Amino acid sequence: MKRRRTALLSLATLLGAALTALPVQNAGADEVEQVRNGGFDTTADPWWTSNVTASLTAGQLCADVPGGTVNRWDSAIGQNDITLVKGTTYRFSFRASGVPEGHAVRAIVGLAVSPYDTWQEATPVLDAAGDTYSYTFTSPIDSAQGQVAFQVGGSADPWRFCVDDVSLLGGVPPQVYEPDTGPRVRVNQVAYLPAGPKNATLVTDAVAKLPWQLKNSAGATVAHGWSVPRGVDASSGQNVHTIDFGAYRKPGAGFTLVADGEASRPFDIGAAAYRQLRLDAVKYYYTQRSGIAIRDDLRPGYGRAAGHVGVAPNQGDTSVPCRPGECDYRLDVTGGWYDAGDHGKYVVNGGIAAWELLSTYERSLLARTGHPASLGDGTLALPESGNRVPDVLDEARWELDFLLKMQVPDGQPLAGMAHHKIHDAQWTGLPLLPADDPQQRELHPPTTAATLNLAATAAQAARLYRPYDKAFAAKALSAARKAWTAALAHPAVYADPADGTGGGAYNDNDVTDEFYWAAAELYLTTGEKRYADHVLNSPQHTADVFGPYGFDWSRTAAAGRLDLALVPSKLPGRDQVRRSVVRGADRYLAALASQPYGMPYAPDGNRYDWGSSHQVLNNAVVLATAYDVTGASKYRDAAVQSMDYILGRNALNISYVTGYGEVNAQHEHSRWYAHQLDPKLPSPPAGTLAGGANSSIQDPYAQSKLQGCVGQFCYIDDIQSWSTNETAINWNAALARMASFVADQG
Ligand code: 9MR
């Protein structure tokens, strides 16, 4: 795969003499030691060191680590040529200490060569007395180029690291990863709406119905009833019952649901949490901003230097070349949001994310339950707050300005198209603050998909910003028209699926949906016949665009269809458009009813996709839109209920939103919210959505823990798991839109 790479280790300096042969000691029946000389009794061979001064001290290896380095891997000790066997379980253990106390070591077992994948890594904080650390993992590959290393860089001040008894024992019994799923009564750990649906899932061996009690914060039973046995749930493999306590409608805090001898995690009945979540989910974007210092007074604990403005060691986005030989101009592509946990900026994903934020605002203007003031000026604590422009528009503008900068200038080949993406030439390691990224940034070739993302979002922006900034609205519309014309002239320029070094590929060889979406936005803004004609003649106009995986950065037709249904226009056959949304919603309603965990997501073969949590939410957006279109409460209730899965009513009993719910995802993969790796850095801000279960578990860490996982269980809250636990701008947009909808129903 083409994703995260552990940092490059500089060439090892071998301590002492040349490498000896590979003596393997039998430590037990089938347990085989892979580390040579882990005891450091007489020599440091065959360990290497990099940018430390190492010596043997009292039978251990000690290293004086210089201060002033940036990354963990800037100073290290390690041993190469370790053989790892796919499917074999290893126990990695060592004893380590640090003086002064409080420094952390990144202890890894991984590949010694590019792409530097790690299969086990931990970053314990050390004390002076020392401690023993032990971790068990299963190797996902065969390799003779394994490495054990202790990365100790990244400290401003010098310190001393000592290590002893390093062992990598192969053939130990596999330690089956058992997630701690807490009480078997699974609820929305945040809040149910007083007048909304209230459902829970009970994991139990019982086949017959069981009694349940709803208890208030004082422990008094305020409602009771019987569960409904649902058999074995395919999405989790568990035998489950469902519980419906929707008849209880009194607001309050600290309720629990009790059944089968277990009490759920606590929850509220009320709408306040959703009003806060709406704000937090949108506030997420400010700390994703590139090209601007993040003010600590606006986001306490999250202040940081401006990223990619060209202050050394960073090379900046102020004048970015194409990859060698691909163009001879440079562009200022500063600004925008970082895509996810990486420092890349991608027009396709930026497009759908900006659209969904703008649509959150546009819905608030158009839907009967919308409240435009809820994301209005002064609500999000932005640098722009107080400028009389709704804050959500200020935030989206940060991305839109960047998207416009990605358009190929006049006079150049492919003028009017948009570059697909801009990111580092090579993958970087974690943690790495945006301002510290030393990599060369590069523009990647224009694509039709990126061009149409620009056309769609700039056209939508033109109608939404017109009341606030006519000049910007006009500029956006003209860029959108130009992009549209360029896309028509170059309708099949696709991103290279192999272009995944230093950033994601975001490749997509079907752009009929992007054409449809862009035409829809251009039509809704201008009313012009040529765009209407494209909409009406597009195969996407009558296609079923509401599939099980919902809409996404690569499946954008639904974005056009939903807007055609919601935004007033004279489009011939608009009633059919609205009916098609309702038909899509009916299918999500059926999926939700079939799922004992009550989410509108029933992927083919129970295969959870990358970013499944946002797919659940986007399917809920279709339900919510069906409610906006019809006023039928069954769609509103289903949309509201979808939030339960996200906030804890799931097999793992975890809320996928940081800061929401008693147990919530906190270690999302990110280079700057890397608290798990560096205690000085923050966790992701409250209101950050984790990607969620992903059956393909592409990252080595998830592979070492989750082999054979069933559906919902293919998730782990660890910063290394970039395929199940990243944060991303398109995912949070789905959260923002749904949080806003639910808040509006309160
Ligand atoms: O969300 C994207 C997912 O749909 C793709 O399958 C995957 C592989 O191309 O990439 C995901 O997007 C990542 C992107 O490539 C790089 N930045 C982080 C994104 C979220 O993981």
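Q: Which residues of helix 5 are buried?
A: This is a predicted model, where local features need pLDDT of at least 70, side-chain atom pairs count only at 80 or more, and totals for chains, interfaces and linings use all residues. Numbering runs from 1 along each chain as its sequence is written, and side-chain values use heavy atoms, leaving out hydrogens and water. Buried means under 20% relative accessible area (1.4 Å probe, protein chains only). In helix 5 (a DSSP run of H or I, at least four residues, numbered from the N terminus), that gives Phe472, Ala473, Ala476, Leu477, Ala479, Ala480, Ala483, Trp484, Ala486 and Ala487.

Q: How far does helix 5 reach from its first C-alpha to its last?
A: Helix 5 covers residues 470-489, 20 residues in total. The expected span, 1.5 Å times one less than the number of residues, is 28 Å. The model comes close to that, at 29 Å.

Q: Which helices help cover the buried residues of helix 5?
A: Contact here is heavy atoms within 4.5 Å. The cover includes helix 3 (391-405), helix 4 (448-465), helix 6 (512-526) and helix 7 (529-537).

Q: Which residues line the second largest cavity?
A: A cavity is a set of points on a 1 Å grid over the protein atoms alone where a 1.4 Å probe fits but cannot get out, and lining residues have an atom within 4 Å of a point. The whole structure holds three cavities of 30 Å³ or more. The second largest has about 40 Å³ of space (filled by probe spheres set on points joined across faces, edges and corners). Its lining is Asp342, His343, Gly344, Asp424, Gln426, Trp427, Thr428, Gly502 and Arg671.

Key: Helix = DSSP H or I, 4+ residues; strand = E, 2+ residues; numbered from the N terminus. Buried < 20%, exposed > 50% of the residue type's maximum accessible area, 1.4 Å probe, protein only. 1 Å grid on protein atoms, 1.4 Å probe; cavity = no way out; pocket = protein on both sides within 12 Å on 5 of 7 lines; lining within 4 Å.
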